[in-house]
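Okay, thanks for coming, everyone. Let me put the structure up and then walk you through it.

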Amino acid sequence: MKVSLHERTAPLKKPFTISRGTITEQPVLIVEMEHNGKRGFGETTANDYYGHTLESISASINKVLPTIEQLDVVRGDEVYNAVVAELANDMFALSALDIACQDLAGRLAGKTCFDNWGLEWTGMPESSLTIGIDDTDAMVANLKENPGWNNYKVKLGTPRDIEIIEALRGATDAKLRIDANCAWTADEAIEKSKQLADLGVEFIEQPLPFDAPRDDFKKVYEGSHLPVLADESCRVPEHVEPCGEVFHGINVKLCKCGGLTPAVLMLTKAREMGLKTMVGCMVETSIGISAASQLLPLLDFADLDGAILLGNDPATGVVVDHGKVNLADGPGTGARLKD
Ligand code: MG
């Protein structure tokens, strides 16, 4: 099997802000895997919060290339199983490799990834569109510039969180979901959950920092007026079980967990435990979004708007049309790198 790496910098349509900072462009690393005349694509992004640059991710990948190049791709989880131990400290690198392998395995079998996993594409949840943090008026304007979605995910973690949701609620009847990105205290989360429930919010994602005391998570779990989903607290398969005791659901991201192979395990396990399931994304290209979309049959909620936030997507794949995820033609994830 042959592996090549492509670096791209994808400019955003407009600056995107969450509680931790603002970005105007997204550096991405595309992995291309070739075997028996078929090519599979994987992707990961640079990320300050998790401490990964394209250079550090490329270095991790180059370290395991000799192992990968000897593999014969029969199953989609082949690369993951072969290098998971060696890449235990770089889930971003592992994810890009695993996605490319799952995509390639699908293409070699002539099946989509979800079909390859024995899942069926029926009654899929729609994706939300993310409204980043900005002046309240600008957040309302952003929502109004993007009408027709049934779900909006609003980034909070400001001194005017409730004012923002009141203003957005005045502008739409669509479902509103909240992502606090670790910005709240336990008391604040419980207090705000009451006000947000009254405003018709559906759930809250990651109110507390992942390293907050366990008792604080318990307090929020018991006191919250809305379901609470784990994101930063639920990164890899080992986190699902402990999260089940203090969250009502989990949000899986490919780059946090190490790709599609562990994502399927985590979502399946979460469903067995009676947890709500969601897949989120970074600001990323259609390669990452097409991969994450393969998980829709295992989901209650989806947040797959990453490529829509780009001004210039270097790839093609699934199309997220006002939340409805339309599959790309062809097997694997259906994604391709342009040019
Ligand atoms: Mg989140």
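Before the sheets, a bit of bookkeeping: two strands pair if DSSP finds at least two bridges between them. Helices (H or I, at least four residues) and strands (E, at least two) are DSSP runs, numbered from the N terminus. With that, strand S8 (residues 228-230) and strand S9 (residues 249-252) pair in the parallel sense over two bridges.

Two caveats. This is a predicted model, so local features need pLDDT of at least 70 and side-chain atom pairs count only at pLDDT 80 or more, while totals for chains, interfaces and linings use all residues. Residues are numbered from 1 along each chain as its sequence is written, and side-chain values use heavy atoms, with hydrogens and water left out.

Now, the overall picture. The protein has 12 helices and 15 strands. Its radius of gyration is 19 Å, close to the 20 Å that the globule rule gives for 339 residues, so the protein is as compact as a globular protein of that length. That radius is taken over C-alpha atoms, and the rule is 2.2 Å times the number of residues to the power 0.38. If you like boxes, the C-alpha atoms fill one of roughly 55 × 40 × 40 Å along the principal axes.

How much of the protein is buried? Of the 339 residues, 58% count as buried. Buried means under 20% relative accessible area, exposed means over 50%, and partly exposed is in between, with a 1.4 Å probe and protein chains only. The accessible surface comes to about 13,500 Å², and 48% of that belongs to carbon and sulfur atoms. Those areas come from the Shrake-Rupley method with a 1.4 Å probe; for residues, only the protein chains shown count as cover.

On contacts (heavy atoms within 4.5 Å): take those between residues at least 6 apart in sequence, and 67% of them join residues at least 24 apart. Arg-169, in helix H6 (residues 161-169), gives us an example to look at. Leaving aside its neighbours within four places in sequence, Arg-169 is in contact with Ala-174, Leu-176, Leu-199 and Gly-200. Arg-169 and Leu-199 are 30 residues apart along the chain, yet their C-alpha atoms are separated by 7.0 Å.

Okay, sheets. Strands of a sheet pair through backbone hydrogen bonds, either parallel or antiparallel. We have an example of each here.

The antiparallel one is an open sheet of three strands in the order S1-S2-S3. Strand S1 (2-18) and strand S3 (38-45) stand at the edges with a single partner strand each, so one side of each has no neighbour in the sheet. The twist averages 25° from one strand to the next; axes are lines fitted to C-alpha atoms, for helices over the stretch in contact, and angles run from 0 to 180 degrees between N-to-C directions.

Strand S2 (residues 21-35) pairs with S3 over eight bridges. Among the bridge partners, Leu-29 goes with Thr-44 and Ile-30 with Glu-43. The two strands form a hairpin with two residues between them, and Asn-36 in the turn has a positive phi of about 50°.

So is S3 enclosed or open? Six of its eight residues are buried, so S3 is largely enclosed by the rest of the structure. Helix H3 (residues 91-109) lies across S2 and S3, running at about 155° to S3.

The parallel one is an open sheet of eight strands, in the order S4-S5-S6-S7-S8-S9-S10-S11. Its edge strands are S4 (129-131) and S11 (301-302), each pairing on one side only.

Let me zoom in on S9. Towards S8, Leu-229 has Gly-249 as its bridge partner, and Ala-230 has Ile-250. S9 also pairs with strand S10 (residues 276-279), in the parallel sense over four bridges, and there Val-252 stands opposite Val-279. In a regular strand the side chains alternate between the two faces of the sheet. In S9 both faces are covered: Gly-249 and Asn-251 on one side, Ile-250 and Val-252 on the other, all buried.

Last stop, the cysteines. There are zero disulfides in the structure, a disulfide being a pair of cysteine sulfur atoms within 2.5 Å. Why does Cys-257 have no bond to Cys-255? Because the two sulfurs are 8.1 Å apart, too far for a bond. Both residues count as buried, with Cys-255 at 7% relative accessibility and Cys-257 at 1%.
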